[in-house]
Amino acid sequence: MALVLTEEQTMLRDMAKQFFTEQVPVTNLRKLRDEESAEGYDKAVWQQIVELGFAGILIPEEQGGTGFGPIGLGIVMQEAGRTLAATPLYSTAILGAGLILAAGSDAQKAELLPQIASGELLTALALEETAHHNPKQVAMSAEQNGDQIILSGQKNFVIDGHIADKLIVVARTSGAAGDANGLSMFLVDAKAKGVTITRTHMVDSRNAAIVSFDKVNVPVSDALGPLGAAMAELESVLDLGRACLAAEMLGGIEAVFDTTLAYLKERKQFGVIIGTFQALKHRAAEMFCEVELCQSVVLDALSALDERRNDVPRAVSLAKARLGDAARLISNEGVQMHGGIGMTDAVDMGLYLKRARVQSQLLGDTNFHRSRYAELGGY
Amino acid sequence: MTELDTFRAETRAWLEENCPESMRTPMPERETPWGGRNADFPNPDTKVWLDRMASRGWTAPEWPAEYGGGGLSKDQARILQQEMSRINARTPLASFGLWMLGPALLEFASEEQKKKYLGEIVRGEIRWCQGYSEPGAGSDLAGLQTKAEDKGDHYLVNGQKVWTSYADQCDWIFCLVRTDSSVKHDGISFLLIDMDTPGVEARPIKLISGASPFCETFLTDVVVPKENLVGELNKGWTIAKRLLEHERTMISAMGMGGGGAASMGGMEAMAKENFGEDGDKIANPAIREAVTNHKMDHQAFALTLKRAADEAKAGQGMGAAASMFKYYGTELNKRRFELLLDVMGTQALGWEGEGFDARELSITRSWLRSKGNSIEGGTSEVQLNVIAKRVLGLPDA
Ligand SMILES: Cc1cc2nc3c(=O)[nH]c(=O)nc-3n(C[C@H](O)[C@H](O)[C@H](O)COP(=O)(O)OP(=O)(O)OC[C@H]3O[C@@H](n4cnc5c(N)ncnc54)[C@H](O)[C@@H]3O)c2cc1C
């Protein structure tokens, strides 16, 4: 497929852009942060997102969704990233809907997908156990006892953990940390006995939590997919999540780049606008090149997912690694080129910088994806 | 025993006896001994330590004894530093007066001014801030507009400073003011202003790290006695530049890293903790390479600092060394924190509250703060311009 948006996708982008710019500008995140919002997201905004059909964007129309697919989702995330919109799109519309679609039984799909599309159900993926993403290293135990599973252990960096109604928990029914086999997924009610959820406050002012499981009983029927064989479906949805994060990061770096470029054309020192200094000009031009490359790798990753190409993992790792590097470069340059004011909370540079580091860690940083890219390439 | 050996023995004994135990532990940020009229000492030992060191002039070891300094030779000062490091003694006093203003006063101030101000600085009685930058004059510092009018027996100062670090907690401000508007560099004077004077107002500005260490400082019809002018009228730019060199040297020391968790020694241990070990090696090759590169850069920088110190002692100077160190040291420090983030993963991205320990949270904030290192005291771009012009002799466009 050509690396350009279709007419329909272009319309979706324009709609998303208008919505996030007008309804969810950066001031929305500032408000959530400064008012120490207990939920960490704006319910009214989420309701609007539901009405626009973004919550069910992956979900087929028969199940209440809009079925735009990965490219549509990526387009929406890019626009959300541009304004740092803090919404449950990532936890629920991407990972939640994605995992249920990929691994759920017909009954689970029929029950849960319409609830996601209608905004009634929020989900959170409880996957990470250490400070570095590495799904194979999951060690948390899921012991089978008749028709019950007993979950014990702790998960960290659970995005939207404290607002989720249902957790999707990745745990081990067999094997040892490091094995790809033996992982299972379970749908666990956030209010289930033995589940303790502690919200954590991250540098990006967005939601995350530590979730601990103290002998939590889950019926085997609440497993998502077959026991011990979750890896394939999990990885495919993680790749969707990674591509969407890359798209969100792209929106962020575009915003930083545009703002910085405007500042270079406006700020005067030594009697001239600072954009006349070649030391800055060339770096702006380099950033432009970087943004262009980022646009290509993100669109390719989303297209690979859309077309179910067999090189999805490589395309996705290419995008996530590159965006991690580019976001670091451009967010740092954004601060530096603003000078003193870039260090203040009065401008948005710092907010993008902080968000960029969290996005980069989510579902694997540059280091993780570069090494995965090589492995997949057989070197 | 040489004289220096004797000095070392005596110093060691004195420090052992006089440095309180709690002053031999890593210093939490809030216990930083800034001094000043409103100094607060959450740990009372901080005050004891400051007073004892100040009584010997050892807060400013190399300043002449007649102005309250320690009167030590370079060699003696180095020995004092070594002996303090030996017992992990904290710095007794952190102050812009010590690092920036004092050295400039020693060079440019009148005898009365030295007598008055240097002693106060040594004893940590007055806390100084730096009134250089203005909204329209940052990199182009000489473009400053804050005006001091000659009113016969005093100057009347009007204007606005910005990014004034700690202005809301400081007692006095050293300011660059315009005393002649018909010329640029030759119309600037160096003025000392008591911040208790009516018309001085400091408003804190919040930083991306969440703290508010710097301020907007408004000066409205501020009456300043004429004797507060340092050096000659309209000759302030020379003093300003010299002071900037002291500031740049001070900031570049950051490249060496502070103590504690973020220090260099901790880096490889943390990498092993996070990524495992393969024999003695950090198991992840990319992280291992990044840590190695960083440590080698760090060592090369440390050697260059040492070489500059040795050359200075031998009476040779490295040209524009301050700009080179400022540029390299601050960029190195920023890279160090980015690497720490890579090594520590999500544990370096906490903001407050549960899930992160104090060390981790302090690394997050320090990472954000480090972004200012290549802006304050003249940006990296300005340092490179200075090197290109003054050291390399490359012409302007
Ligand atoms: C944490 C912190 C503490 C500070 N503390 C103090 C203080 O106590 N007292 C005080 O007076 N000031 C202080 N400053 C201010 C600091 O000195 C200025 O921010 C700095 O000099 C840059 O000026 P500016 O902010 O106006 O940026 P600008 O000069 O507007 O710079 C914007 C961008 O343009 C670039 N640029 C400008 N000119 C050129 C050129 N000729 N060639 C290439 N690039 C160029 C800059 O490098 C920068 O990237 C502090 C700043 C920070 C961040």
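**Helices and domains in the predicted model**

In helix H2 of chain B, the residues B:Thr46, B:Trp49, B:Leu50, B:Met53 and B:Ala54 are buried. They lie on the same side of H2(B), because the arc they cover around the axis is only 125 degrees. The structure described here is a predicted model. On the face of H2(B) that is turned away from the buried side, the exposed residues B:Pro44 and B:Ser55 are found. The packing partners of the buried residues of H2(B) are three helices of chain B, namely H1 (3–18), H3 (74–86) and H5 (111–122).

The length of H2(B) was also examined. This helix has 12 residues, 44–55, and at 1.5 Å a residue it should span 16 Å. The C-alpha atoms at its ends are 17 Å apart, which agrees with the expected span. At the N-terminal end, H2(B) is capped by B:Asn43, which has a side-chain oxygen 2.9 Å from the backbone nitrogen of B:Asp45. After the helix comes B:Gly57, and the phi of this residue is positive, near 75 degrees.

Another residue of chain B, B:Gln299, belongs to helix H8 (residues 285–313). Its relative accessibility is 43%, so B:Gln299 counts as partly exposed, given that this class lies between the limits of 20% and 50%. Between B:Gln299 and B:Glu273 the separation is 26 residues in sequence and 23 Å in space, taken from C-alpha to C-alpha.

In chain A, the domain assignment gives domain 1 (7–121), domain 2 (124–229) and domain 3 (234–376). The centres of domain 2 and domain 3 of chain A, taken over C-alpha atoms, are separated by 30 Å. Contacts between these two domains of chain A involve 15 residues of domain 2 and 13 residues of domain 3. The size of an interface is often expressed as the accessible area that is lost when the parts come together. For domain 2 and domain 3 of chain A, the area buried between them is about 1,200 Å², and 71% of it is on carbon and sulfur atoms.

Helix H10 of chain A comprises the 13 residues 349–361. An expected span of 18 Å follows from 1.5 Å a residue, and the end C-alpha atoms of H10(A) are 19 Å apart, which agrees. Of the 13 residues of H10(A), 13 are buried, so this helix is largely enclosed by the rest of the structure. Just after H10(A), the residue A:Leu363 adopts a positive phi of about 55 degrees.

Technical notes:
Residues are numbered from 1 along each chain as its sequence is written. Chains are lettered from A and ligands numbered from 1 in the order in which they are written. This is a predicted model: local features need pLDDT of at least 70, side-chain atom pairs count only at pLDDT 80 or more; totals for chains, interfaces and linings use all residues. Side-chain values use heavy atoms; hydrogens and water are left out. Helices (H or I, at least four residues) and strands (E, at least two) are DSSP runs, numbered from the N terminus. The expected span of a helix is 1.5 Å times one less than its number of residues. Buried means under 20% relative accessible area, exposed over 50%, partly exposed in between (1.4 Å probe, protein chains only). The arc is that of the directions from the helix axis to the C-beta atoms. Contact means heavy atoms within 4.5 Å. A polar contact is a pair of N or O atoms within 3.5 Å; within protein, one must be able to donate a hydrogen and the other to accept it, and residues adjacent in sequence count only if both atoms are side-chain atoms. Domain bounds come from an automatic or database domain assignment. Buried area is the accessible area (1.4 Å probe) that two parts lose on being put together, summed over both.
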